[in-house]
Every structure is written in structure tokens, then in C-alpha cells.
Amino acid sequence: MTEFNYPQPTPIGDWNRLLEGRVAVVTGGGTGIGGSISRLFAQHGAIVEIIDIDPSVANEAVSDINAAGGIARAHVADCRDWEQLQGVAATILSDHPHVQVLVNNVGDYRPLERFRKSSPDSWKAMYDINFFAMVASTKCFIESMISGGGGSIVNIHSVEGMRGYPGDPIYGAMKAASAKFSTDLALSMGRNGIRVNGIGPDLTQTPQVDYISTSVGSEHLWEAWAPVGRLGWPEDQARVALFLASDLSAYVTGHNIPVDGGTKAGAGWFYSPAEERFTNRPKGL
Ligand SMILES: NC(=O)c1ccc[n+]([C@@H]2O[C@H](COP(=O)([O-])OP(=O)(O)OC[C@H]3O[C@@H](n4cnc5c(N)ncnc54)[C@H](O)[C@@H]3O)[C@@H](O)[C@H]2O)c1
């Protein structure tokens, strides 16, 4: 019988320390989904470098991580600003020449604008926060990942980039661009040992969507909308990010995973004739 001499996969090691000793950069890593990712990655042994525009949330994340015995550092920068990003990247790389994990998490749907009310300035703002920031931070760290032998890039975009989205076509288009950037970068980086994957969250309880508790609020809505019958928690996103960042997903690249409680599978949108618009909140629920 022919004997095959396949190379064996790298052992996982300690399943409670999936990122032991790896340098992980998390943009927007202070609060929300990014904050949960920073904390979970540190719990799994990563040295977490948080880049955030808001020093208070970034420092709070670092305090939490340090108090739990982890390692993290906060860097204040606006990821829409190329000069600021380059400055922060230089600081991080002077201490850690090889970054192994990059999570591009910065993004925002606000202000939600109907296309007819939008303007070149608002299109540019959507581009800057949802696409430019992702590409720019990738550019800042990719050479360090290549020279260190590879790593994993996890791009947080949105399920709205993976399905039709009636709310704001510019936001949807920017998130779709981020998803496409993830798949296409994966193809060009595979031979450099870098995997690239995206996560498409649907509504997840973070400061960015704190309107949910006031303006939407109905438990029935989530029962109707999300097949799992609840909103997402930041931890739901962070756990998938951990999978994609770690060797658990060593053979996964070029994919975009909706982390949405099943809404993409369920379509998720309803047309309300009474309101003459698509809505995620049909009247009567
Ligand atoms: N929360 C949701 O329901 C939801 C749904 C779909 C997609 N997303 C996407 O997930 C990602 C995270 O969303 P979230 O809800 O956790 O956001 P959030 O607003 O709650 O938190 C964003 C974090 O990024 C930081 N930040 C904001 N602008 C920045 C900038 N220009 N430079 C550096 N840091 C900046 C903030 O200070 C904060 O720490 C975004 O890309 C968002 O579009 C979120």
C-alpha cells in the first residue's frame, strides 16, 4: 500500500490559550465588538495593541485586561487618518516587529442617510470610516506579518455587505467592498502565510446601536427577525474572531462569515405598505 508522508498540522496546544504570545492589533478595540475582541484575545494569551480614537474606552479595556492578568496597550489614533495610523503603527512595530493578528474593526453606519438626501461629503465619510480605515491599517501592518512568517487578518464588516440592504446603499456598498477586500486579499496573501477572513455582524448590542433599547425595544421584533430570537452580544462576534485569528481555522481563508443569529438566511427585511418602506419592524409586532 502506498504510504503518504503528509506534513502534520501544528498542534493546537492549550485550548484555553489559543493566541499565546501572539501580537494582536485591534482597531477600535476599546469598546463594543472590538472591546470584546481585545479582552477575549488577551484572555487567550495575546499581547493586545489597541488602536482607538477614544482614550477613555481604550484605557478602560487595558485596565480590564491588566486586572485579569493579560497584556495590552492603548494607542490613540483616528484610523481614518493615514498619518496618525502610520505614527501608531511605527510605535507598535518598534516594540513588536512581527504582528501576527490584525483585527480591522473600525466602522460605523451613522448617520444613516437615505440616498436622496446624501451628498459627496457623506459618501466620503462612509468610505473613510468603513473602507479606508480597513485598507490603511492593513497596509501599515502587512509587511510586518509577512516578514514574521504570516498571520491572520480578521475584517469586521457587516451582514449588510452580504445581502441587499435598503437602509443606506452607500453604507451597504462600503461594507460589501470590505467583504470583497477580504476575499481578494486572502488570494494574494496565501503564499505569504497570511489568512484573511471577514465577519459580517448583524445587530449586536454595542454603544453604536444603543438606540435599540430606546427606539426599537420590542422583544417580539427579535423573535420575528433573528431566527435565534435574540440580539447579538459582542462576545458572539469575538468568539468567531478568535476562531479566525487562531490556528483552529488554519485552513480557512477568503471567507466572510455572517454572525447574525440567522438573519441572512432568513432574509431579515419586511416591506411595510403602511409606511411605504422596507422595514425590519413590521407593524403589529
Ligand atoms: N453593533 C452592530 O450592530 C453592528 C452591526 C453590523 C456591523 N457592525 C460593525 O462592527 C464594527 C464594530 O461596531 P460596534 O458596534 O462595536 O461599534 P462601536 O461604535 O460600539 O465601537 C467602535 C469602537 O471603535 C472606536 N472608533 C470609532 N471610530 C474610530 C476611528 N475613526 N478610529 C479609531 N477608533 C475608532 C470607538 O471609540 C469604539 O471603541 C464596525 O465596523 C461596525 O460597522 C456592528
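**Notebook: cysteines, ligand, salt bridges, surface**

I began with the cysteines and found a count of 0 disulfides, keeping in mind that this is a predicted model. For Cys79, I looked up the nearest cysteine sulfur, which belongs to Cys140 and lies 8.9 Å away, so Cys79 is in no disulfide, given that a pair of sulfur atoms has to be within 2.5 Å to count. Cys140 is likewise in no disulfide, its nearest cysteine sulfur being that of Cys79. I then checked how accessible the two residues are: Cys79 counts as buried at 4% relative accessibility, and Cys140 is buried as well, with a relative accessible area of 13%.

Next I turned to the ligand. I noted 32 residues around the ligand, of which Ile33, Asp52, Asn105, Thr204 and Thr206 come nearest. Which helices did I find supplying at least two residues each to the shell around the ligand? I wrote down helix H1, residues 32-43, and helix H5, residues 169-189.

I went on to the polar atoms facing the ligand. In the side chain of Asp78, an N or O atom is 2.9 Å from a nitrogen atom of the ligand. The backbone also takes part in my list: a polar backbone atom of Gly107 is 3.3 Å from an oxygen atom of the ligand, and a backbone N or O atom of Pro207 lies 3.5 Å from a ligand oxygen atom. I then asked how much of the ligand is covered, and the answer is that the protein covers 92% of the 830 Å² of accessible area that the ligand has on its own.

My next entry concerns salt bridges, of which a search of the whole structure finds 12. I looked at Arg110 with Asp108, where the closest N and O atoms are 2.8 Å apart; Arg110 counts as partly exposed at 41% relative accessibility, whereas Asp108 is buried, with a relative accessible area of 15%.

I also followed the salt bridge between Lys124 and Asp128, whose closest N and O atoms are 2.9 Å apart. Where do these two partners, Lys124 and Asp128, lie? Both are in helix H4, residues 120-147, and they stand 4 residues apart, which is about one turn of the helix. Lys124 is partly exposed, with a relative accessible area of 46%, while Asp128 is buried at 14%.

For the salt bridge of Arg163 with Glu160, I noted 2.9 Å between the closest N and O atoms. Are these partners buried or exposed? Arg163 is buried, with a relative accessible area of 14%, and Glu160 counts as buried at 8%. I also recorded that salt bridges sharing partners join Glu49, Arg73 and Asp95 into one network.

I then moved to the surface, where Trp15, Phe243 and Leu248 make a nonpolar patch of about 290 Å². Of this patch I looked further at Trp15, which lies in the segment before strand S1, residues 23-27, and which is exposed, with a relative accessible area of 55%.

My last entry is on Gly190, found in the loop between H5 and strand S6, residues 194-201. Gly190 is partly exposed, with a relative accessible area of 40%. I compared its place with that of Thr10: Gly190 and Thr10 are 180 residues apart in sequence and 17 Å apart in space, taken from C-alpha to C-alpha.

Methods:
Residues are numbered from 1 along each chain as its sequence is written. This is a predicted model: local features need pLDDT of at least 70, side-chain atom pairs count only at pLDDT 80 or more; totals for chains, interfaces and linings use all residues. Side-chain values use heavy atoms; hydrogens and water are left out. Buried means under 20% relative accessible area, exposed over 50%, partly exposed in between (1.4 Å probe, protein chains only). Patches are made of residues with over 30% relative accessible area and no salt bridge: like charges are joined within 9 Å, nonpolar side chains (Val, Leu, Ile, Met, Phe, Trp, Tyr) within 5 Å. Accessible areas come from the Shrake-Rupley method with a 1.4 Å probe; for residues, only the protein chains shown count as cover. A salt bridge is a side-chain nitrogen of Lys or Arg within 4 Å of a carboxyl oxygen of Asp or Glu. A residue is near a molecule or strand if one of its heavy atoms lies within 4 Å of it. A polar contact is a pair of N or O atoms within 3.5 Å; within protein, one must be able to donate a hydrogen and the other to accept it, and residues adjacent in sequence count only if both atoms are side-chain atoms.
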